[in-house]
Amino acid sequence: MALCRQIVCCRCGQSREVWFAASGGVPSICHQCLEADANAKKTQALAELAALPIEQRLSRIEEW
C-alpha cells in the first residue's frame, strides 16, 4: 500500500507531496529532486561514453 504525505524537501526546501511504501518510511527528498539527480547521472554517464574512442565503445557493447 502506498502512502501520501506533504514534506519539506531537504534539497530544494519546497513543500512537496510524496508517495512512498508504508514499509519504507517517509522520504526526506522529493521526487522532483530525485529525478533531477537521475537525469544528471545519466547525462554524465553518456558524456563519459561519448569521450571514449569508437573501439572501446564497441567493445563495451559487445561485452554487454
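A contact here means heavy atoms within 4.5 Å. The model is predicted: local features need pLDDT of at least 70, side-chain atom pairs count only at pLDDT 80 or more, and totals for chains, interfaces and linings use all residues. Residues are numbered from 1 along each chain as its sequence is written, and side-chain values use heavy atoms, with hydrogens and water left out.

**View 1. The whole chain, with its pattern β-β-α-α along the sequence.** The chain has 2 helices and 2 strands. Helices (H or I, at least four residues) and strands (E, at least two) are DSSP runs, numbered from the N terminus. The radius of gyration is 18 Å, well over the 11 Å that the globule rule gives for 64 residues, so the chain is more spread out than a compact globule. That radius is taken over C-alpha atoms, and the rule is 2.2 Å times the number of residues to the power 0.38. The C-alpha trace spans about 50 × 25 × 10 Å along its principal axes. Among contacts with a separation of 6 or more, 4% join residues 24 or more positions apart.

**View 2. The surface of the chain, about 5300 Å² of it accessible.** Carbon and sulfur atoms hold 56% of this area. Accessible areas come from the Shrake-Rupley method with a 1.4 Å probe; for residues, only the protein chains shown count as cover. Of the 64 residues, 11% are buried. Buried means under 20% relative accessible area, exposed means over 50%, and partly exposed lies in between (1.4 Å probe, protein chains only).

**View 3. The salt bridge between Arg11 and Asp37.** The structure holds 1 salt bridge, defined as a side-chain nitrogen of Lys or Arg within 4 Å of a carboxyl oxygen of Asp or Glu. Here the N to O distance is 2.2 Å. Arg11 sits in the loop between β1 (2–8) and β2 (15–21), and Asp37 in helix α1 (residues 31–50), so the pair ties together parts 26 residues apart in sequence. Arg11 is partly exposed, at 48% relative accessibility. Asp37 is also partly exposed, at 30%.

**View 4. Cysteines Cys4 and Cys12, each in no disulfide.** A disulfide is a pair of cysteine sulfur atoms within 2.5 Å. By this rule the count is 0. For Cys4, the nearest cysteine sulfur is that of Cys30, 13 Å away. Cys4 is partly exposed, with a relative accessible area of 29%. For Cys12, the nearest cysteine sulfur belongs to Cys9, 3.7 Å away. Cys12 is partly exposed too, with a relative accessible area of 32%.
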